[in-house]
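Reader: Please walk me through this one. I would like short answers on the backbone and on what surrounds the ligand.

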Amino acid sequence: MPVLPLRKKSENLLGSLIREVSKDSMEKPGLIPLWFGEGHRSAPPAVVAEAHKAIDEGYQFYASSAGRPELRAAIADYVSNLRGIKVGPERICVTTSGNSAIQMAMQLIVDPGDNVVFAVPLWPNAADMVDHLNGEVRRVPLKLDARGWSLDLDRLFAAVDARTKAIFLNSPGNPTGWLATPDELRAVLDFCRRRGIWAIGDDVYERIVYGADRSPSLLDFAGPEDAVMSINSFSKGWCMTGWRLGWLVAPAAVTDTLGKIIEFNTSGATTFVQRAGVVALKQEGFVREIREEYARARDITFQRLSGMGRVRLARPEAAFYAFFSVDGMTDSVEYCKRLVREANVGLAPGRAFGPEGEGFIRLCFATNPERLTEAFDRLEPLLR
Ligand SMILES: Cc1ncc(COP(=O)(O)O)c(C=O)c1O
């Protein structure tokens, strides 16, 4: 069929390599899918009830682009209480997901030819967005040794030049589970202040950290005027991936502009979903419960995978992924396709997270112990 030429960037999009592995097997009978980054539970019942109620009460019309005032205020309180800082609602923009929050942030700051420095391997969307804006993606690999993943600050800072607009860190990290230390975040913030560039933290896994109530964030050290943005989402902490609701904390001076950007992108998050978001922020018991479930799943995962001869992995301290290497594996995409065929278990190829991820596989362990155990029983003969 003849088609008119598209934007070159759009024509050349590669698409997700996780989808490449999963596309023909989503409906495969008996498959255990551990390839996507989401938990098996649905949203807290009080959130579901509030969404129904909000529809019935008529919350079905446009909301203001930067979010309904009650949700902006609830998020501001939540962030302030969680971190022991003072964040006002004027610094919050509601978005239709964490993904959308990143997109708004990048549209706010990236001109063609600018670059953004990322610590990698990394969930691909953020870097892809910069590329799609005709920005340059600069990748600085995290290091892996016996103690786990770590960031080489000198290498990170060396990647910054006159065209750098931001350093982007995702901690807790997807896919690695890397957790930035408070000292590292403080150092990145100081560096960004000195160089006059943005520091962006993707904090979507901040509540999924084992042995603490939250992970450290750039927000812990930033003043209200600092050029810092924090990306967040209801997807992971409240099991609301399909609701598409997130937020951005930014300096008050830019939230009006962000609202204008949101206006022509999505015109704001779904109105009744925003009402439900207010209720979600009160579900602390739910957040703790799922964290405990994931901690047990993490222990099973670590114990089973580290007993498999060809597997090497660091114990994940946060997020809900095992990111492990497999001796002798040269093509993670082909290997994951084979695991679907021969073990009927769906995993994500490391190359989906950039070239640095080749040689690795990501397994999302946010599921129940029975399913996990069954998945490991099936994988073991292949990874022994
Ligand atoms: C690191 C990271 N940031 C952001 C997101 C976006 O989540 P959502 O768009 O569902 O809010 C994800 C989702 O997997 C993620 O892993």
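Author: Asn 134 sits in the loop between helix 6 and strand 4. Helices (H or I, at least four residues) and strands (E, at least two) are DSSP runs, numbered from the N terminus. This is a predicted model: local features need pLDDT of at least 70, side-chain atom pairs count only at pLDDT 80 or more, and totals for chains, interfaces and linings use all residues. Residue numbers start from 1 along each chain as its sequence is written.

Reader: What is phi of Asn 134?

Author: Most residues other than glycine have a negative phi. Asn 134 follows helix 6. Its phi is positive, near 65°.

Reader: Is Asn 134 buried, partly exposed or exposed?

Author: The class comes from counting other C-beta atoms, placed from the backbone, within 10 Å of the residue's own: 20 or more is buried, 12 or fewer is exposed, and in between is partly exposed. Asn 134 has 14 such neighbours, so it counts as partly exposed.

Reader: And where does Ser 267 lie, and how does it count?

Author: Ser 267 is not a glycine, yet its phi is positive, about 60°. It lies in the loop between helix 9 (252-265) and helix 10 (271-280). With 12 C-beta neighbours inside 10 Å, Ser 267 counts as exposed.

Reader: Why are the buried residues of helix 6 on the same side?

Author: Helix 6 spans residues 125-132, and its buried residues are Ala 126, Ala 127, Met 129 and Val 130. The arc is that of the directions from the helix axis to the C-beta atoms. The buried residues are on the same side of helix 6 because they cover an arc of only 155°.

Reader: Which elements do the buried residues of helix 6 pack against?

Author: Contact here requires C-beta atoms, placed from the backbone, within 7 Å. The partners are helix 5 (98-109), strand 3 (115-120), strand 4 (136-141), strand 7 (164-170) and strand 8 (198-202).

Reader: Which residue does a cis peptide bond join to Asn 174?

Author: Most peptide bonds are trans. This one has omega of about 15°. The partner lies in the loop between strand 7 and helix 8 (182-195). It is Pro 175.

Reader: What is omega for the peptide bond from Val 120 to Pro 121?

Author: Pro 121 lies in the loop between strand 3 and helix 6. The bond is cis, with omega near 5°.

Reader: How many residues surround the ligand, and which are the closest?

Author: A residue is near the ligand if its C-beta atom, placed from the backbone, lies within 6 Å of it. That shell has 13 residues. The closest are Ser 97, Gly 98, Asn 99, Ser 233 and Ser 235.

Methods:
Two residues are in contact if their C-beta atoms, placed from the backbone, lie within 7 Å.
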